[in-house]
Amino acid sequence: MSELPLIAVTDSATCPRPLPEQIERLTKLTELRPQAVILRAKSLDKAAYRTLVLQAQQSCEAAGIPLILHSDWQLVRELDVKRLHLPLALLRQLPTCERAHFICLSTSVHSVGEAQEAQALGATVLIAGHIYTTQCKAGLAPRGLGFLQAVCSAVSLPVYAIGGIGFDAAQHAELKANGALGACVMSAYMRL
């Protein structure tokens, strides 16, 4: 069992089964149980994503695992969800009056400057990456642990590491030692 809190990030491209089925599987885990699920489904149109959200909500609510929607803040407001992940470009566009609605408003950052900007924009959680080599970013060098440490030192927000992270206790200890509060895991969760 990991001592580092883990957030599962969905990815239909690497998942061998339909996402609703995979999310149901994740909610049944005991040892590797995620602390939350970010419902990322870039290939779906708005209607299909809404359907997926409703299915995922049932599984996550029954298991007591928070569901964090991805990108569509209008849908989040329509469904009265309180957790949202926005890429930084979308966070910049989110009306200031909407930011207070969320108990969790996370964003991805790729530099210390972006981390500081995200904090100023009202983000409550930062996802910093990519830390290790990952197939998702093939050919792109990882930013590494020094980057993670710099981001964690530059802001007062919780920082979760992402990129090339699996279920390795030594890796989790490295992330924690460099300031990460937790980690986001995509491919390893999608293959369970």
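Two strands pair if DSSP finds at least two bridges between them. Strands (E, at least two residues) and helices (H or I, at least four) are DSSP runs numbered from the N terminus. The model is predicted: local features need pLDDT of at least 70, side-chain atom pairs count only at pLDDT 80 or more, and totals for chains, interfaces and linings use all residues. Residues are numbered from 1 along each chain as its sequence is written, and side-chain values use heavy atoms, with hydrogens and water left out.

**Exercise 1.** Describe how E5 and E6 are joined, and state how far E6 is covered.

Solution. Step one: E5 and E6 run parallel and are joined by four bridges. Step two: leucine 126 in E6 has threonine 107 opposite. Step three: buried means under 20% relative accessible area, exposed over 50%, and partly exposed in between (1.4 Å probe, protein chains only). Five of the five residues of E6 are buried. Step four: in a regular strand, side chains alternate between the two faces of the sheet. On one side of E6 the buried residues are Val125, Ile127 and Gly129, and on the other Leu126 and Ala128.

**Exercise 2.** Classify the aromatic pair and place its two residues.

Solution. Step one: rings of Phe, Tyr and Trp (its six-membered ring) pair if their centres lie within 6.5 Å; planes under 30 degrees apart count as stacked, over 60 as edge-to-face and the rest as tilted. The count is one aromatic pair. Step two: the ring centres of phenylalanine 167 and tyrosine 189 are 5.0 Å apart and the planes stand at 75°, so the pair is edge-to-face. Step three: phenylalanine 167 is in the loop between strand E7 (159–162) and helix H8 (169–177), while tyrosine 189 is in helix H9, 22 residues apart. Step four: phenylalanine 167 is partly exposed because its relative accessibility is 31%, whereas tyrosine 189, at 0%, is buried.

**Exercise 3.** Describe the lining of the second largest pocket.

Solution. Step one: on a 1 Å grid over the protein atoms alone, a pocket is an open set of points where a 1.4 Å probe fits, with protein on both sides within 12 Å along at least five of seven lines; lining residues have an atom within 4 Å of a point. Step two: the lining includes Gln57, Cys60, Asp80 and Arg83. Step three: helix H2 (residues 46–63) gives the most to this lining, with three residues.
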